[in-house]
Amino acid sequence: MPITPHIVVQDAERAVAFYRSAFAAEELSRIPTPDGRLMSVQLRIGDAVLHLADEFPEMGVLSPPSIGGTAVVLALDVGDAEAVFAQAVAAGAEVRQPLQDVFWGDRHGQIDDPFGHRWNISQHLRDVPHDEIVAAAAQAFA
């Protein structure tokens, strides 16, 4: 049973263009409403599906800027973190954490997209035993 994120943005049409440019997203379908907003756009990013929609404040459907931020991080596991990270930044994302090799064995960085959503971009480099990850996490957060 897959989990499919459904994110809300201000200006879904612009968001589709950003995700296409940043992550090579392919649009699968869209459902417009009579007032010109998009109730749903289904995108494929790699092997994953992402739904996005315009805000519908009258229904309590709001984007991160409207609620003061996001508590969710969307994660992309990619084959070339350098290329994807650079492509996202070139498309307009802001670097939150630069790419670096991290203790759990990935090349990892974090960006904020122009719509208030946060993304991890990671490339697995090496397997690290779980006990070593736990010890490194304890040291990093001590």
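In what order do the elements of the protein run from the N terminus on? They run β-α-β-β-β-α-β-α-β-β-β-α, where α stands for a helix and β for a strand. Helices (H or I, at least four residues) and strands (E, at least two) are DSSP runs, numbered from the N terminus.

Before you click, some ground rules. This is a predicted model, in which local features need pLDDT of at least 70 and side-chain atom pairs count only at pLDDT 80 or more, while totals for chains, interfaces and linings use all residues. Residues are numbered from 1 along each chain as its sequence is written, and side-chain values use heavy atoms, with hydrogens and water left out.

**Stop 1: the whole chain**

Show everything as a cartoon: you should find four helices and eight strands. The C-alpha trace spans about 55 × 35 × 30 Å along its principal axes. Of the 142 residues, 37% count as buried; buried means under 20% relative accessible area, exposed over 50%, and partly exposed in between (1.4 Å probe, protein chains only). Now think about contacts, meaning heavy atoms within 4.5 Å. Among those between residues at least 6 apart in sequence, 49% join residues at least 24 apart.

**Stop 2: the nonpolar core**

Next, select Tyr19, Phe23, Leu52 and Trp119. Of the 28 residues in the largest nonpolar core, these four touch the most other members. Such a core is a set of buried Ala, Val, Leu, Ile, Met, Phe, Trp, Tyr and Cys residues joined through side-chain atoms within 4.5 Å. The elements that give two or more residues to this core are strand S1 (6-9), helix H1 (12-23), strand S3 (38-45), strand S4 (48-54), strand S5 (73-77), helix H3 (81-91) and strand S8. Which element gives the largest share of this core? That is H1, with seven residues.

Keep Tyr19 selected and look around its side chain. Leaving aside residues up to four places away in sequence, Tyr19 touches several residues, including Ile7, Val9, Leu43, Leu52, Phe115 and Trp119.

**Stop 3: Phe56 in its loop**

Move on to Phe56, in the loop between S4 and helix H2 (64-67). Is Phe56 buried or exposed? Phe56 counts as buried because its relative accessibility is 8%. Not counting residues up to four places away in sequence, Phe56 touches Thr33, Arg37, Leu38, Met39 and Val61. Try a distance label, too: Phe56 and Val9 are 47 residues apart in sequence, and their C-alpha atoms are 9.8 Å apart in space.

**Stop 4: two positive phi angles**

Most residues other than glycine have a negative phi. With that in mind, select Asp11, in the loop between S1 and H1. Asp11 is not a glycine, yet its phi is positive, about 80°. Asp11 is partly exposed, with a relative accessible area of 39%.

Then jump to Ala24, in the loop between H1 and strand S2 (26-32). Ala24 also has a positive phi, about 55°, although it is not a glycine. At 54% relative accessibility, Ala24 counts as exposed.

**Stop 5: Arg118**

Finish at Arg118, which is found in strand S8 (residues 118-124). Which side chain does a polar contact of 3.1 Å join to that of Arg118? The partner is Asp112. A polar contact is a pair of N or O atoms within 3.5 Å; within protein, one must be able to donate a hydrogen and the other to accept it, and residues adjacent in sequence count only if both atoms are side-chain atoms. Other residues that Arg118 touches include Thr70, Val72, Leu74 and Arg96.
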